Each structure stands twice: as C-alpha cells, then as structure tokens.
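Me: I have a structure open and would like to go through some of its local features with you. Could you keep the cut-offs explicit as we go?

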Amino acid sequence: MLTTRDQLRLLGPQDREAFLALTAQDPAVNVFADYRARVTNLEPRWLGGEMWGRFEDDALVAGCHMGANLVPVQCTPEDVTRFAAQALTRVRRTATIVGPHEVVAALWGAVGERWTAPREARWCQPHLQLDHDSAVTPDPEVRVTTSNDLSALYPACVAMYTEEVGVSPEAAGGKDFYRARVQQLIGRGWSFARFDESGRVIFKAEVACASPYAAQVQGVYVDPDRRGEGLSISGMAAVVALVRERIAPTVSLYVNEWNTPARASYARVGFTESTRFSTLMF
C-alpha cells in the first residue's frame with residue numbers, strides 16, 4: 001500500500017533530470033528509456049504513451065515506460081507490481097514487454113490473468129555490452145549507410161525482421177511505416193552495412209536507441225548465402241568501432257539464448273553478459 005511518503009505518479013517535463021539520473025544508474029540496460037526521455041522531454045503527446053515513476057520521500061526510485069513498449073526502469077520485482085496495477089487501468093496497446101528477466105516475470109505475474117497470452121515469450125536473453133574497441137580486426141568494408149543505399153538495404157531489413165520476429169514488418173499494412181523507420185535510421189547515421197560486388201547487403205546492423213553513455217544495437221543480419229564465413233564477427237567489430245567513434249562509448253545488445261552462433265560471434269568480438277533480459281511479444 002502506498003503512503004504519502006511512497007507514491008506513484010505520471011512523470012512530465014519537470015521530472016526529466018531526475019528520470020535521467022535514474023536511468024544513469026545502469027545506462028546500458030536503461031538506454032531505451034533514457035533515449036525516449038531525451039527526445040520527448042517526457043511529454044506524453046511525444047512519448048506516444050506515458051512514463052510513470054515511483055517516489056520515496058520525493059526521490060524518484062523506479063520508473064516504467066507504458067506505451068507500445070512496456071519497459072521497467074530500475075525496478076525491483078516489488079516495484080513493478082505497483083506499475084502493473086497502473087497498467088491494468090489503461091487501454092491495452094502494448095506490443096512488447098521487455099526488461100531484466102526477474103522484473104518482467106514479476107510484471108507478467110501481475111497482469112497475465114487479465115491480458116491475453118503473448119504470441120511469443122523469450123524468457124532468457126543474455127544482455128551484452130562492450131565499452132572498448134574489439135581486439136578483432138574490423139571489417140573495412142562495413143560503413144555507415146546513406147540514402148542511396150535504401151533500395152538495397154530495405155529488403156535485408158525486412159528479411160532480418162521476419163526471421164527474428166516471425167512476422168513480416170510489412171504485414172497488416174506496415175510497409176510504409178517500416179520503410180520510414182529504415183530511412184530514419186539511415187538519416188541519423190545509425191545504419192551500418194557491407195555490400196558485395198553486386199550491391200547486395202551481406203552484413204548489416206543498426207543502432208535502435210542511444211544516449212550520451214550507451215547505444216543499443218539491433219537488426220544484426222548476415223545474408224543466408226554468406227553465413228559461416230565470419231562476417232558477423234569482423235562486421236560487429238566494425239560496428240563497435242563506428243558506434244564508439246560516432247555515437248556512444250558503450251555498445252549493448254541482447255540476444256536469444258538459443259542463438260548459439262550469434263552468441264559465439266559476440267563473445268569473439270568481446271561482448272560480455274551484464275544481465276538477462278526477457279521479451280514478451282503480443
């Protein structure tokens with residue numbers, strides 16, 4: 001039960017600095033929430049959702065992003081059950097729940113009886129990070145993409161997404177939105193790729209979100225015909241170098257536990273596990 005010294009409330013622009021101090025307690029794990037706070041100033045109309053906070057004696061001690069992505073921030077399992085009660089009062093439009101395993105498990109335990117089951121639950125995803133350049137020689141042909149690369153890059157992005165998520169991003173009329181997202185990442189300088197002599201993408205990766213402290217990589221993909229050649233190892237070494245030079249000093253990502261080839265590649269590059277994530281997809 002909340003007391004006057006222990007309260008839950010909606011955050012707004014006036015809470016921005018306190019919220020950024022909260023995310024800075026674990027900047028790589030909290031990079032999504034940090035990024036969203038910086039680009040939206042915690043304005044609900046720009047968030048496309050809401051950011052809630054739990055306070056003790058006026059100090060912000062935990063947070064939760066509630067929108068298409070439901071993401072706990074510096075929560076204990078006990079914290080997250082309080083946010084779950086708030087989430088249950090809102091119209092459900094969550095596409096994913098993602099965060100540290102124990103917290104996501106506690107959150108699902110609190111809302112699962114009221115929400116439909118996820119179409120896929122990935123309970124064990126090693127969260128990896130690297131705060132120095134790789135000892136592996138970077139692939140010199142991996143580069144930052146430009147708008148001229150869109151026609152070659154977009155099919156590889158669709159293929160990666162479909163393989164990873166199990167649903168095409170173009171399904172249900174999503175093509176224009178997804179294409180715009182790929183263009184947005186190119187425009188920010190957050191898209192990296194290697195092309196073969198014919199102009200086909202044989203390796204790619206993007207930064208999904210970033211703060212001054214960390215950047216989260218997503219969409220790592222090697223063309224099926226070129227797998228087994230080590231392209232992901234030298235390619236990711238190049239991505240690490242480019243991200244650390246241009247975007248943020250720490251590079252992070254999370255990977256499915258069963259994806260042993262990817263995990264082996266990331267270990268070769270120098271990534272180490274910091275925690276375990278879980279992702280529930282609806």
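Reply: What follows covers a few residues, the cysteines and two helix pairs. This is a predicted model, in which local features need pLDDT of at least 70 and side-chain atom pairs count only at pLDDT 80 or more, while totals for chains, interfaces and linings use all residues. Residues are numbered from 1 along each chain as its sequence is written, and side-chain values use heavy atoms, with hydrogens and water left out.

Me: ok, where is threonine 40 found?
Reply: Threonine 40 belongs to helix α2, residues 31-40, where helices (H or I, at least four residues) and strands (E, at least two) are DSSP runs numbered from the N terminus.

Me: and is it buried or exposed?
Reply: Threonine 40 is buried, since its relative accessible area is 5%; buried means under 20% relative accessible area, exposed over 50%, and partly exposed in between, with a 1.4 Å probe and protein chains only.

Me: what does threonine 40 touch?
Reply: Leaving out residues up to four places away in sequence, threonine 40 touches Trp46 and Leu47, contact being heavy atoms within 4.5 Å. In addition, the side chain of threonine 40 reaches the backbone oxygen of arginine 36 at 2.6 Å.

Me: how many residues of α2 are buried?
Reply: Seven of the ten residues of α2 are buried, and the helix is mostly covered; among them are Asp34, Tyr35 and Arg36. After α2 comes asparagine 41, which has a positive phi near 60°.

Me: switching topic, how many disulfides are there?
Reply: The count comes to zero disulfides, with a disulfide taken as a pair of cysteine sulfur atoms within 2.5 Å.

Me: why is cysteine 64 not in a bond?
Reply: The closest cysteine sulfur, in cysteine 75, lies 5.9 Å from the sulfur of cysteine 64, which is too far for a bond. Cysteine 64 is buried, at 0% relative accessibility. Cysteine 124 is in no disulfide either, as the nearest cysteine sulfur, that of cysteine 75, is 20 Å away, and cysteine 124 counts as partly exposed at 25% relative accessibility.

Me: now the helix pairs, at what angle do α4 and α5 pack?
Reply: Helix α4 (residues 77-87) and helix α5 (residues 101-111) pack at about 40°, with their axes 8 Å apart. Axes here are lines fitted to C-alpha atoms, for helices over the stretch in contact, and angles run from 0 to 180 degrees between N-to-C directions.

Me: which residues meet there?
Reply: Pro77, Val80, Thr81 and Ala84 in α4 meet a set in α5 that includes Val103, Ala106 and Leu107.

Me: what about α6 and α7, how do their axes cross?
Reply: The axes of α6 (residues 150-165) and α7 (residues 175-188) come within 10 Å and cross at roughly 115°. Among the residues making the contact are Leu153, Cys157 and Tyr161 of α6, together with Tyr178, Val182 and Ile186 of α7.

Me: last one, which strand is the place of arginine 54?
Reply: Arginine 54 sits in strand β2, residues 50-56, and counts as buried at 7% relative accessibility. Apart from neighbours within four places in sequence, the contacts of arginine 54 include Asp6, Asp79, Arg82 and Phe83.

Key. Polar contact = N/O pair within 3.5 Å; in protein donor to acceptor, adjacent residues only side chain to side chain.
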